Amino acid sequence: FIKEYSTTKSDIMIYDLATDSITNLTNFASDNNYVHGCKFNIDDTKILYVYTAGNKNSTTPSIKELTIATLTSSTLYTDSGANPNIAPEYNLDNTKLYFTNIANGLVSFNISTSAITLIQSGNRYFATQHPTLNKIAYSSIFGSDPNYEIIDRDLGNNTVTTLVTASAYNIYPRYSPDGNSIIYTSYSSGFHQLKKRNLITNTTTNLTSDSITYLYPDWANIVDS
């Protein structure tokens with residue numbers, strides 16, 4: 001998780017559930033730098049994160065990868081302009097990333113070659129990899145702000161399917177471990193609420209319905225029921 005000391009200082013921390021202990025994995029805060037968006041890779045050997053020098057709104061955010069065994073980081077990509085929604089995500093075998101490139105849109109990034117392939121231009125964010133199939137779901141602008149839909153894109157044949165129709169800020173989609181559902185945040189009620197969409201029955205369940213803000217949902221690694 002991220003420990004934020006201020007808008008210009010944060011670190012990646014790890015919490016050991018067995019020993020009930022918390023350890024710093026980075027010491028960026030001492031250098032007045034900010035990190036966010038951390039996530040493990042598929043085999044839990046590395047952590048992907050976004051690094052910004054000075055503060056969270058730096059004009060040159062970098063995507064970095066921390067090797068847990070050595071606590072060393074390498075820079076994978078540096079953006080050409082400030083973009084807090086860069087939101088990097090691994091593919092299924094840790095060979096590629098998906099993220100939002102401010103100059104283009106949603107892209108695929110080959111870690112070994114640094115090659116960038118455009119998936120879709122424009123305001124497309126928060127890609128999530130399907131657990132077994134070669135496809136991703138992401139939030140995509142529909143018309144104009146704040147109308148966003150969630151779409152599913154087959155990366156093999158480039159087929160696009162709408163999973164959640166456009167309304168105000170349908171964001172942060174995440175496939176369930178069996179791929180049969182997605183969970184996401186929607187602002188359609190005037191508050192950021194959590195919803196679940198069953199992709200088999202095409203039914204939507206409101207998981208929250210109050211005036212609290214709910215963001216960045218994710219699933220436990222168990223089969224959906």
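Tutor: Rings of Phe, Tyr and Trp pair if their centres lie within 6.5 Å. This model is predicted, and the structure holds nine aromatic pairs. Y125, F126, Y148, Y169, Y172, Y187 and Y216 form one aromatic cluster.

Student: What makes Y148 and Y169 a stacked pair?

Tutor: Take the distance, then the angle. The ring centres are 5.7 Å apart, and the limit is 6.5 Å. The planes stand at 20°, and stacked needs under 30 degrees. Therefore Y148 and Y169 are stacked.

Student: Which parts does this pair tie together?

Tutor: Y148 lies in strand β14, residues 147-154. Y169 lies in the loop between β15 and β16. So the pair ties together parts that are 21 residues apart in sequence.

Student: Why is Y148 called buried or exposed?

Tutor: Its relative accessible area is 5%. Buried means under 20%, so Y148 is buried.

Student: And what is Y169 called, at 30% relative accessibility?

Tutor: The value lies between the cut-offs of 20% and 50%, so Y169 counts as partly exposed.

Student: How do you know that β14 and β15 pair?

Tutor: Count the bridges. Pairing needs at least two, and β14 and β15 have six, in the antiparallel sense. So the two strands pair. I150 stands opposite V164 in β15. In the hairpin of these strands, N158 takes a positive phi near 65°.

Student: What makes the charged end of K64 sit over the ring of Y51?

Tutor: The charged end of K64 is 5.0 Å from the ring centre. The distance limit is 6 Å, and the charge must also lie within 35 degrees of the ring normal. K64 is listed as sitting over the Y51 ring.

How values were computed. Residues are numbered from 1 along each chain as its sequence is written. This is a predicted model: local features need pLDDT of at least 70, side-chain atom pairs count only at pLDDT 80 or more; totals for chains, interfaces and linings use all residues. Side-chain values use heavy atoms; hydrogens and water are left out. Rings of Phe, Tyr and Trp (its six-membered ring) pair if their centres lie within 6.5 Å; planes under 30 degrees apart count as stacked, over 60 as edge-to-face and the rest as tilted. Helices (H or I, at least four residues) and strands (E, at least two) are DSSP runs, numbered from the N terminus. Buried means under 20% relative accessible area, exposed over 50%, partly exposed in between (1.4 Å probe, protein chains only).
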